[in-house]
Structures are given as structure tokens and as C-alpha cells.
Amino acid sequence: MPASEKAPDSKKTLDLEKAPLLLAGLRPRRDEMLQVLAKFVRAESPSDGKAAVDRFGRMVASEWRKLGARVQFVRQRQRGDHLRVVWPAQAFRGRQILVLGHLDTVYGLGTLRHMPYRVAHGRAFGPGVFDMKGGLVIAQFAADALARAGWPSRRRVVFLWTSDEEIGSGTSRALIEREARRSAAVLVLEPASGLDGRLKTQRKGTGRAELIVTGRAAHAGINPQDGVNAIHELTLQIGRIARWNNPQRGVTVSPTVVEGGTRDNVIPAAARAILDLRAQRASDMRDLERRLRALRPILPGAKLEVQGGFSRPPMERRTSAALFTRARALAAAMGFVLDETSTGGGSDGSLTAALRLPTLDGLGAVGEGAHSANESVVVRALPERAALLAALLATL
Ligand SMILES: [Zn+2]
């Protein structure tokens with residue numbers, strides 16, 4: 001566990017008068033932002049398509065090189081290469097700021113044919129436009145705005161664009177954690193919540209467990225007493241687990257897939273269930289994992305195996321509170337209201353929050369319909385979000 005660092009004092013270094021200048025500089029660049037967004041969305045990058053993700057990564061890299069950033073590819077054999085962008089490129093002392101984003105989307109190759117990039121009614125639509133190509137555009141315009149304003153970041157900023165966030169960050173987790181340990185704060189460009197652009201200051205920890213029951217097959221009519229009914233055992237276990245739910249505390253255990261049995265006259269010898277696990281607090285997460293490990297068979301002769309557990313720890317509010325206070329003050333100085341919310345889903349911000357690093361999530365685009373045919377971003381909010389990120393980078 002790294003030394004935990006206190007979130008920066010929100011009053012000492014705030015330069016609220018300068019913040020509106022950033023927004024004033026970015027507002028006229030909205031069409032420019034849209035041009036880059038269109039280019040990004042049209043470069044499809046499904047998590048499982050290495051060649052496509054790499055192509056998109058090279059496109060993003062060339063944008064950053066134009067800004068004078070130092071760009072490194074972290075090569076991957078199966079997944080797309082991760083992109084590590086250091087900006088400004090010159091040497092800095094002390095702890096850095098880490099900005100997290102991802103190159104991959106949940107949309108398979110060819111989605112553009114029936115879901116083309118388009119702008120209508122103040123929205124930009126397209127696969128991955130909101131989650132999170134809009135966030136990537138916001139980041140590069142934020143950096144550019146600071147350069148143009150002659151207002152350098154006080155710290156080195158590392159933008160880490162990973163290739164596998166949408167499928168659990170298997171190849172990027174260690175990299176994210178390594179960069180996070182060098183950081184004073186972590187800013188995450190996941191989509192904002194709601195059309196008012198709320199930041200995400202709490203996320204539930206998420207996981208997946210599997211209950212595997214083995215019984216004994218027998219004829220359901222001739223000798224049922226010789227069998228051990230795996231489905232019966234599984235339902236008893238699920239009934240017991242259902243009592244662990246505590247929505248008020250943010251704890252849910254939901255069976256999401258069940259399987260079992262072979263034929264309608266056979267006592268089933270095998271059954272399994274997949275459980276979706278969520279917890280708002282780290283202590284509840286550990287408690288749930290303990291309880292799962294402690295499960296024992298109920299029916300005589302049944303065997304029970306439990307696999308899996310939590311993969312992303314919860315992001316607790318205390319790790320984001322100070323950063324949120326600062327972000328809200330900067331937004332207010334620029335003339336807009338910023339709120340916060342909690343969400344049941346995990347993100348890479350959960351990983352850095354678990355290291356007790358100040359982490360602020362939901363700094364990406366404002367919009368709706370992530371992972372759906374209706375995915376869109378609010379065009380008007382793009383300059384605001386870029387200005388907000390720029391102001392954070394300049395004052396942290
Ligand atoms: Zn995302």
C-alpha cells in the first residue's frame with residue numbers, strides 16, 4: 001500500500017479568476033472539437049479488435065504529438081496497445097497528475113454502418129461518442145487550452161489511454177496502478193452522469209462469483225432417494241444468499257444466470273449460478289467475500305464450490321470529496337453548476353481509489369445512452385468540460 005496522500009487543499013492554490021478565460025478560449029473552438037470527435041468515432045475500436053484499437057491509438061497519438069506531448073505505446077500481444085502520453089514533455093519533479101481514459105468501445109466492427117456519426121439537435125451521435133471518445137477529445141483540448149493561455153500545469157500530467165477498459169482492464173490494471181502510485185490525484189474521463197453533467201464521487205465495488213453444485217443423479221421416479229438434487233441445493237443456497245442483500249447500504253447480490261439438470265425424469269447431478277456482486281463500502285465487500293467462502297452444502301451428500309469474487313473495489317466518497325469541492329468551485333467561477341452522484345458501476349477510477357488516491361470520475365462528456373444505439377453527447381457542453389479539466393490540471 002503506498003503512502004496515502006492528502007487531497008490538495010482546495011483554497012490555497014485556486015486561481016478562480018483565470019478559469020473563465022479558459023472557457024472563453026474554448027467556446028469558439030466547438031466545431032474544431034467536433035471535427036476531432038467525428039474522426040475519432042469513425043475509427044471503430046472494439047475491445048476485442050487489436051488491429052482496430054491500434055489504428056485508433058495511432059490516430060490519438062498523432063493528435064497529442066501535435067501538442068508537443070511525449071507519446072509512448074505500451075505494446076500488447078492480444079489487446080490493443082495502451083497509450084501513455086506525458087504532457088508537458090519537459091522534466092518535472094514531484095508527484096504527477098494521472099488522467100485516465102480508454103480507447104476501446106463496446107461496439108463491434110461495422111456498427112457505424114447502421115449507427116453512423118451524425119450531429120443533430122445539439123447532439124453528436126455514434127458508437128463510443130460518449131463512452132468515451134468525447135472524453136478523449138475533451139482531454140486534448142484541455143491541454144491545448146492551457147498551452148494557449150500560457151498557464152502551465154504545475155505538475156507533470158500523464159494521460160493513460162488504455163485498450164481494454166470495457167472488458168475489465170485485464171492488461172491495463174497493473175499499469176494503471178503503477179502510474180497511480182506516482183500521482184497526487186487521478187482524474188477519470190468516464191462519461192458524466194445525467195444531462196446536467198454530474199461527476200461520479202462514489203462507485204460501488206463490483207464482482208462476479210459462481211456457485212457450482214455437484215449432487216448425484218438418480219431416476220426421479222424409481223429411486224429418487226438415491227439421488228442428491230443439485231438444483232434443490234442451489235436454490236437453498238440462493239435463498240440464503242438473498243438475505244444478504246441490503247440495498248440501503250448499497251449491498252446487492254443478484255443471481256444473474258442459473259443452469260442445471262439434464263432431463264425431466266432425472267434428479268440433476270449438477271447446477272450452477274452466477275452471482276453479480278456490488279458493495280458501496282470496502283468493508284462490506286470484504287464481508288461478502290468472507291460469507292461466500294464460508295458457504296457449506298445444506299443437503300446431505302451435496303458438494304458446493306464457490307469461485308470468483310470482487311474484481312473492482314468500491315470508490316468511496318472520501319477519496320473524491322476534496323477534488324469534487326475544487327471542481328465545483330472552478331465550475332462556479334466559469335458560470336456553471338456542477339453536482340455529484342453515485343453509481344452502481346465500476347470503472348478504472350475504482351482501482352486508483354482503492355489505493356487511497358484522490359480520484360475524481362465522470363469528468364468526460366455530458367450525454368446519454370452509453371452502450372446503446374442512442375449514445376450521444378451534448379455538443380454545447382464540450383467546451384465547458386474541456387475548460388473544467390484544464391482548470392483542474394492547472395490548479396492541482
Ligand atoms: Zn468508459
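Angles under 35 degrees between helix axes count as roughly parallel, and those over 145 as roughly antiparallel. Keep that cut-off handy for these exercises on a predicted model.

**Exercise 1.** Work out how helix 3 and helix 5 run relative to each other, and describe their contact.

*Solution.* Start with the geometry: the axes of helix 3 and helix 5 (residues 129-148) come within 11 Å and cross at roughly 15°. That angle falls under 35 degrees, so helix 3 and helix 5 are roughly parallel to each other. The crossing is right-handed. Next, look at the side of helix 3, where Phe56, Glu63 and Trp64 take part; helix 5 supplies Lys133, Leu136, Ala139, Gln140 and Ala143. Sorted by class, this contact has five nonpolar residues, one polar and two charged.

**Exercise 2.** Now do likewise for helix 2 and helix 3.

*Solution.* Helix 2 (residues 30-42) packs against helix 3 (residues 50-66) at about 160°, with the axes 9 Å apart. Since the angle is over 145, the two helices are roughly antiparallel. Their crossing is right-handed. Val36, Lys39 and Phe40 of helix 2 meet Phe56, Met59, Val60 and Glu63 of helix 3. Five of these residues are nonpolar, none polar and two charged.

**Exercise 3.** Which residues coordinate the zinc ion, and where do His102 and Glu190 sit in the chain?

*Solution.* First list the donors: His102 (NE2), Asp131 (OD) and Glu190 (OE), with Glu190 (OE) listed twice, at 1.9 to 2.5 Å. Then check the angles among the four donor atoms, which span 54 to 143° and make the site irregular. Along the chain, the donors are spaced H-x28-D-x58-E. Finally, place the pair: His102 lies in strand 3 (residues 96-102), and Glu190, 88 residues apart from it, in the loop between strand 7 (183-188) and strand 8 (199-203).

Key: Residues numbered from 1 in each chain as written. Predicted model: local features only at pLDDT ≥ 70, side-chain atom pairs only at ≥ 80, totals over all residues. Heavy atoms only, no water. Axes fitted to C-alpha atoms, helices over the stretch in contact; angles between N-to-C directions. Helix = DSSP H or I, 4+ residues; strand = E, 2+ residues; numbered from the N terminus. Parallel < 35°, antiparallel > 145°, perpendicular 65-115°, else oblique. Left-handed = near helix turned anticlockwise from the far one by under 90°. Contact = heavy atoms within 4.5 Å. Nonpolar A, V, L, I, M, F, W, Y, C, P; charged D, E, K, R; others polar. Donors = N, O, S within 2.8 Å, 3.2 Å for Na, K, Ca; no water. Tetrahedral: all angles 85-135°; square planar, octahedral: opposite > 155°, others 65-115°.
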